[in-house]
Amino acid sequence: MAEEITLFNSSGDAIAYIDTDDEDLSIYMWNGTPVAYLVSDGDAFHIYGFNGTHLGWFEEGIVRDHSGNVVGFKEGAVSVYTKYEPYKSYKQYKPYKSYRSYAPYKPYYTSQFSNEPLSLFLMRGKS
């Protein structure tokens with residue numbers, strides 16, 4: 001059984017998950033759509049869309065945007081109550097990765113949530 005890390009939005013709803021059994025550390029939406037993957041950078045990860053767009057960072061269980069705001073999180077990483085996880089749809093085939101854009105400098109991290117919903121943030125990486 002593959003281990004998966006569920007990503008929750010600011011309301012505590014399960015929106016996506018990271019497949020840690022996948023060598024690419026792919027991120028899938030709850031409906032099974034592959035949208036992004038993680039690239040290791042020391043103790044943090046860059047989040048890249050399959051379209052090559054740098055979306056943000058995943059560090060200490062928190063998804064952050066280019067402004068340093070929280071977009072999503074894994075359970076226990078922030079003090080937001082997480083809701084029950086519904087059943088996931090089957091994973092769709094992953095697209096080929098496009099050439100990656102350069103990552104911007106990492107901003108100072110804030111404790112506030114981004115105005116952009118996690119679902120839209122991740123869908124920007126879809127091919």
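What percentage of the 127 residues of the protein count as buried? The value is 44%. Please bear in mind throughout that we are looking at a predicted model.

Let me begin with the overall fold. The protein contains eight strands and one helix. Read from the N terminus, the order of its elements is β-β-β-β-β-β-β-β-α, with the helix, α1, covering residues 118-123.

I turn next to overall dimensions. The C-alpha trace spans about 35 × 35 × 25 Å along its principal axes. The radius of gyration is 13 Å, which agrees with a compact globule, because a chain of 127 residues would then be expected to have a value near 14 Å. Among contacts with a separation of 6 or more, 55% join residues that are 24 or more positions apart.

Now to the interior. In soluble globular proteins, nonpolar side chains tend to be buried together. In this model, the largest nonpolar core has 17 residues. Those with the most contacts inside this core are Leu7, Ile27, Ile47, Val63, Leu118, Phe121 and Leu122. Five elements each give two or more residues to the core: the strands β2 (14-19), β3 (26-29), β4 (34-41) and β6 (54-59), together with the helix α1 (118-123). There is also a second, separate core of six residues, including Ala14, Tyr28, Trp30 and Phe73.

Two residues deserve individual attention. Leucine 122 touches Ala16, Ile27, Met29, Val35 and Leu55, leaving aside residues up to four places away in sequence.

One of those partners, valine 35, lies in strand β4. Is valine 35 buried or exposed? Its relative accessible area is 0%, and valine 35 therefore counts as buried. With residues up to four places away in sequence again set aside, valine 35 touches Ile27, Met29, Tyr48, Gly49, Phe50, Leu122, Met123, Gly125 and Lys126. Ile27, Met29 and Val35 thus appear in the account of leucine 122, while Ile27, Met29 and Leu122 appear in that of valine 35. As for isoleucine 15, its C-alpha lies 12 Å from that of valine 35, and the two residues are 20 apart in sequence.

Finally, I come to the surface and the charges. The protein exposes about 7500 Å², of which carbon and sulfur atoms supply 50%. The protein carries 11 positive and 16 negative charges. How far apart are the mean positions of these positive and negative charges? The distance between them is 5 Å.

How values were computed: Residues numbered from 1 in each chain as written. Predicted model: local features only at pLDDT ≥ 70, side-chain atom pairs only at ≥ 80, totals over all residues. Heavy atoms only, no water. Core = buried A, V, L, I, M, F, W, Y, C linked by side-chain atoms within 4.5 Å. Buried < 20%, exposed > 50% of the residue type's maximum accessible area, 1.4 Å probe, protein only. Helix = DSSP H or I, 4+ residues; strand = E, 2+ residues; numbered from the N terminus. Contact = heavy atoms within 4.5 Å. Rg over C-alpha atoms; globule rule 2.2 N^0.38 Å. Areas by Shrake-Rupley, 256 points an atom, 1.4 Å probe, with all protein chains shown as cover. Lys, Arg positive; Asp, Glu negative; His and termini not counted. Charge placed at Lys NZ, Arg CZ, Asp CG, Glu CD.
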